[in-house]
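Open the model in your viewer and keep the selection tool at hand. The tour moves from the overall fold to single residues.

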Amino acid sequence: MVRGTGSTPREGADHPAGGGAMSAIPESVDDTEALLAAGHYLADRELATAVFLALRLRRPLLLEGEAGVGKTEIAKVLAATLGRELIRLQCYEGLDIADAVYEWNHARQMLAVRLAEAAGTGHELAESGLYAERFLQRRPVLRALHSVGGETPVLLIDELDRTDAPFEAFLLEVLSDFQVTIPELGTVRAAEPPIVILTSNRTREIHDALKRRCLYHWVDYPDAARELAILERKVPEAGAALSRAVVAFVQRLRQLDLYRLPGVAETLDWARALVALGCTTLDAQTAALTLGALIKSQDDLGLVRAAGVDAMLAGAAAAQA
Ligand SMILES: Nc1ncnc2c1ncn2[C@@H]1O[C@H](COP(=O)(O)OP(=O)(O)O)[C@@H](O)[C@H]1O
Ligand SMILES: [Mg+2]
């Protein structure tokens, strides 16, 4: 790995777009915080420490938390600010090795057989084999282990809780030894372990064996000060007064016993919606009309209406003062 003084993040990296030169792994927690901030990700000290340690110790990082708290974004921002390729494996029920790791390209194998037969070189093909690398289709996990020129990518295994136990069991080999075994070909081992970020929305428990291989961090909702800072970064057009009111209201909303609390993603969406309506401050009527940007279930909407949008707004304003 290239190390050096270049641990200062590139300034003004607009959004996690990547494509830049590869930067060194940060030297400290402060550096890590600055690196993430350069990608417009505002991490608290605990999260920055977890990310720093994962990078330093080359351990996978498992991030758990409610939806919309910024888990996926960490992997995107790390890839962009470190100048690495982001390889994303979106998990879903029924995800299997063929989608996640590799698959033999049967169409190409067949074609090769036909061509060899026509050319009378069938015996050569039989010798070199149909299970050669050129017939291998690399899926995200294998691509992440197969980095070239020391450019270790960021492997994002997103929403792991959506897969099932057999797939998790398979990941154990990948995460402990950074290798996968392909029966017809042998074992593929990463020259350099990729940076691995796993996320879970905790719709089910991740197995202990897998957790043991990772560093773990619970990503919580941000406090008001940090949420305001995030909003100012991501939706600067909202202006100070509206941003403060939005954050105070959302923080208040999170004290209700809702089925699904709004995440940072919803806060940003709501602020954008209010800007689109030309608001510079927040009033009860507009708040009530735009709740759909924040609350995504009929039952939760009922609860918020029962609590009274104007009462909540007044409470939020009082808490701010
Ligand atoms: N700490 C943070 N700093 C900057 N942006 C954040 C932060 N937390 C969340 N966000 C923003 O919130 C949105 C949702 O984040 P995402 O990573 O998709 O959530 P999750 O994966 O936890 O469901 C993204 O637009 C992200 O940029
Ligand atoms: Mg996500």
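The stops below go from the whole chain to a ligand, a helix, one residue and a hairpin.

**Whole protein.** Remember throughout that this is a predicted model. Show everything as cartoon. You should find 15 helices and 9 strands. Along the principal axes, the C-alpha atoms fill a box of roughly 80 × 50 × 40 Å. The protein has 321 residues, and 32% of them count as buried. Look at contacts with a sequence separation of 6 or more: residues 24 or more positions apart make up 76% of them.

**Ligand 1.** Select ligand 1 and the 19 residues around it. Which of these come nearest? They are G70, K71, T72, E73 and A265. Now colour by element. Helices α3 (71–82), α10 and α12 each give two or more residues to this shell. Colour by class next: 10 residues are nonpolar, 6 polar and 3 charged. Then colour by domain. Where does ligand 1 lie with respect to domain 1 and domain 3? Ligand 1 lies between them, because domain 1 (29–93 + 140–218) and domain 3 (224–320) both give residues to its shell.

**Helix α11.** Select residues 240–253. Put a distance between the end C-alpha atoms: it is 20 Å. That agrees with the expected span of 20 Å for 14 residues at 1.5 Å a residue. Is α11 mostly covered or mostly open? Mostly covered: 11 of its 14 residues are buried. The buried run includes S243, R244, F249 and L253. Show the surroundings as well. Among the elements covering those buried residues are α10 (224–234), α12 (264–276), α13 (284–289), α14 (298–307) and α15.

**L313.** Move to α15, residues 309–320, and pick L313. L313 counts as partly exposed, because it has 19 C-beta neighbours inside 10 Å and a buried residue needs 20 or more. Which residues does L313 contact, leaving aside neighbours within four places in sequence? They are F249, L282, A284 and A287. F249 is one of the buried residues of α11. Add L253, also buried in α11. L253 is 60 residues from L313 in sequence, yet the two C-alpha atoms are 9.6 Å apart.

**The β6–β7 hairpin.** Finish by selecting β6 (residues 179–182) and β7 (residues 186–189). The two strands pair in the antiparallel sense over 4 bridges. A hairpin of 3 residues joins them. Click V180, then look across to β7: its bridge partner there is V188.

How values were computed
Residues are numbered from 1 along each chain as its sequence is written. Chains are lettered from A and ligands numbered from 1 in the order in which they are written. This is a predicted model: local features need pLDDT of at least 70, side-chain atom pairs count only at pLDDT 80 or more; totals for chains, interfaces and linings use all residues. A residue is buried if 20 or more other C-beta atoms lie within 10 Å of its own, exposed if 12 or fewer, and partly exposed in between; C-beta atoms are placed from the backbone. Two residues are in contact if their C-beta atoms, placed from the backbone, lie within 7 Å. Two strands pair if DSSP finds at least two bridges between them. The expected span of a helix is 1.5 Å times one less than its number of residues. A residue is near a molecule or strand if its C-beta atom, placed from the backbone, lies within 6 Å of it. Ala, Val, Leu, Ile, Met, Phe, Trp, Tyr, Cys and Pro count as nonpolar, Asp, Glu, Lys and Arg as charged, and the others, Gly among them, as polar. Domain bounds come from an automatic or database domain assignment.
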